[in-house]
Amino acid sequence: MIAAMLVMSACGTDAASEAPEPPVVASALYSVPGNAAYNYRWSADPGIDLLTPEVTVIRAYVESYYLTVRALTPAAGYPGFSEAVDERLLTDYGNPDQLKKSHFVGTQFQHLLWMTPTERGWFATVCTGDYSVMREGPDGRFFNVGSTNIVAETVEIEAPDARAFSQSSEGPERAPVADVFGGWKVVDHVYGARNQTAFLECRNRMPDEASNRPAKWDLPHDTPYPTLAPYPGWPRYDEN
């Protein structure tokens, strides 16, 4: 079993030599897409802090990625998403006018399995449990997006040349109102991890046992999986 890489703490610096932090600018235009009424809940292997700048970027990217896919537009990503993501990683969303949007409810579970430092930043392995995200059908029933199988995906990010600004990355909100990418760049995203051990590890990182997950994709349910509160969530603007 591959041990989880611990997130390394930053070296101490002389406070007098640090550049002043830029003010946090809120985006008055951003809101979670109306058809995405589900929340994200994160967990992590021991030694990984969900609130560090690098992990905050991973969280913001992964959450944004799934929102853009389900809303069929890159504009659904969090503030700073389009600038932070390498253009080749942006999904071809098709023509939103010709594709039927679905209404999604429930909870998507994300688990940060490994964080590995690279020469320029970090390489993250993330477990995605979307079995608990439900698509509402026209007949009033709900259909699970995922199944018992848990996806293991990888995301690679590069640190900014200058020190990234720091701000709170935890709170009761579903999404950030300010750019939390902080100059970091998302340079690679592989939906299916090449390390097969990751899939084996991810199977046991979800809050629901495999026997309590849908065995197949798109099964009908009379009631949806509950929409749990986001965790760690995002702060209100006045809390930054």
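# Exercises on a predicted model

Leucine 72 counts as buried, because its relative accessibility is 14% and the cut-off for buried is under 20%. The exercises below concern a predicted model, and each one is followed by a solution in steps.

## Exercise 1: Two residues with positive phi

Find where leucine 72 and aspartate 218 lie in the chain, and decide for aspartate 218 whether it is buried, partly exposed or exposed.

Solution. Begin with leucine 72, which belongs to the loop between H1 and helix H2 (81–84). Its phi is near 65 degrees, a positive value in a residue other than glycine. Turn next to aspartate 218, which is found in the loop between helix H3 (196–202) and S8, and whose phi, near 70 degrees, is likewise positive in a residue other than glycine. For the last step, take the relative accessible area of aspartate 218, which is 24%; because buried means under 20% and exposed means over 50%, aspartate 218 is partly exposed.

## Exercise 2: The chain as a whole

State how many helices and strands the protein chain has, and give the order in which they follow one another.

Solution. The count gives three helices and eight strands in the protein chain. Read along the sequence, these elements follow the pattern β-α-α-β-β-β-β-β-β-α-β. Two further values complete the outline: of the 240 residues in the protein chain, 47% are buried, and among contacts between residues at least 6 apart in sequence, 80% join residues at least 24 apart.

## Exercise 3: Valine 145 and the second largest pocket

Describe the surroundings of valine 145, and then work out which residues are closest to the centre of the second largest pocket.

Solution. Place the residue in the chain before looking at its contacts: valine 145 lies in the loop between strand S5 (142–144) and strand S6 (151–158). When its neighbours within four places in sequence are left aside, valine 145 touches Arg70, Phe104, Asp130, Val133, Arg135 and Trp217. A separation in space can be added, since the C-alpha atoms of valine 145 and lysine 216 are 9.5 Å from each other, although 71 residues separate the two along the chain.

Now move to the pocket. The second largest pocket has a volume of about 230 Å³. It is lined by 13 residues, and those closest to its centre are Arg70, Phe104, Asp130, Val145 and Trp217. The elements that contribute two or more residues to this lining are helix H1 (53–71) and S5, and H1 provides the largest share, four residues. Sorted by character, the lining of the second largest pocket consists of eight nonpolar residues, one polar residue and four charged residues. One detail concerns two of the residues named above: arginine 70 lies over the face of phenylalanine 104, at 5.6 Å from the ring centre.

## Exercise 4: Aromatic pairs

Compare the geometry of the pair of tyrosine 38 and tyrosine 40 with that of the pair of tyrosine 61 and phenylalanine 81.

Solution. A pair of aromatic rings is described by the distance of the centres and the angle of the planes. The count comes to nine aromatic pairs. In the pair of tyrosine 38 and tyrosine 40, the centres are 5.2 Å apart and the planes are at 70 degrees, so the pair is edge-to-face, given that the limit for this class is over 60 degrees. Both partners are buried, tyrosine 38 with a relative accessible area of 2% and tyrosine 40 with one of 4%.

The pair of tyrosine 61 and phenylalanine 81 has its centres 6.1 Å apart and 15 degrees between the planes, and it is stacked, since planes under 30 degrees apart count as stacked. This pair links distant parts of the chain, with tyrosine 61 in helix H1 and phenylalanine 81 in helix H2, 20 residues apart. Tyrosine 61 is buried at 1% relative accessible area, and phenylalanine 81 is buried at 2%. Ring pairs also join Tyr61, Tyr65, Tyr66 and Phe81 into a cluster.

## Exercise 5: An exposed residue of helix H2

Determine whether glutamate 83 is buried or exposed, and how many residues separate it from aspartate 179.

Solution. Glutamate 83 has its place in helix H2. Its relative accessible area is 55%, and glutamate 83 is therefore exposed, the cut-off being over 50%. In sequence, glutamate 83 and aspartate 179 are 96 residues apart, while their C-alpha atoms are 10.0 Å apart in space.

Methods:
Residues are numbered from 1 along each chain as its sequence is written. This is a predicted model: local features need pLDDT of at least 70, side-chain atom pairs count only at pLDDT 80 or more; totals for chains, interfaces and linings use all residues. Side-chain values use heavy atoms; hydrogens and water are left out. Contact means heavy atoms within 4.5 Å. On a 1 Å grid over the protein atoms alone, a cavity is a set of points where a 1.4 Å probe fits but cannot get out, and a pocket is an open set with protein on both sides within 12 Å along at least five of seven lines; lining residues have an atom within 4 Å of a point. Grid points are joined across faces, edges and corners, and a volume is the space filled by probe spheres set on the points. Ala, Val, Leu, Ile, Met, Phe, Trp, Tyr, Cys and Pro count as nonpolar, Asp, Glu, Lys and Arg as charged, and the others, Gly among them, as polar. Buried means under 20% relative accessible area, exposed over 50%, partly exposed in between (1.4 Å probe, protein chains only). Rings of Phe, Tyr and Trp (its six-membered ring) pair if their centres lie within 6.5 Å; planes under 30 degrees apart count as stacked, over 60 as edge-to-face and the rest as tilted. A charge sits over a ring if NZ of Lys or CZ of Arg is within 6 Å of the ring centre and within 35 degrees of the ring normal.
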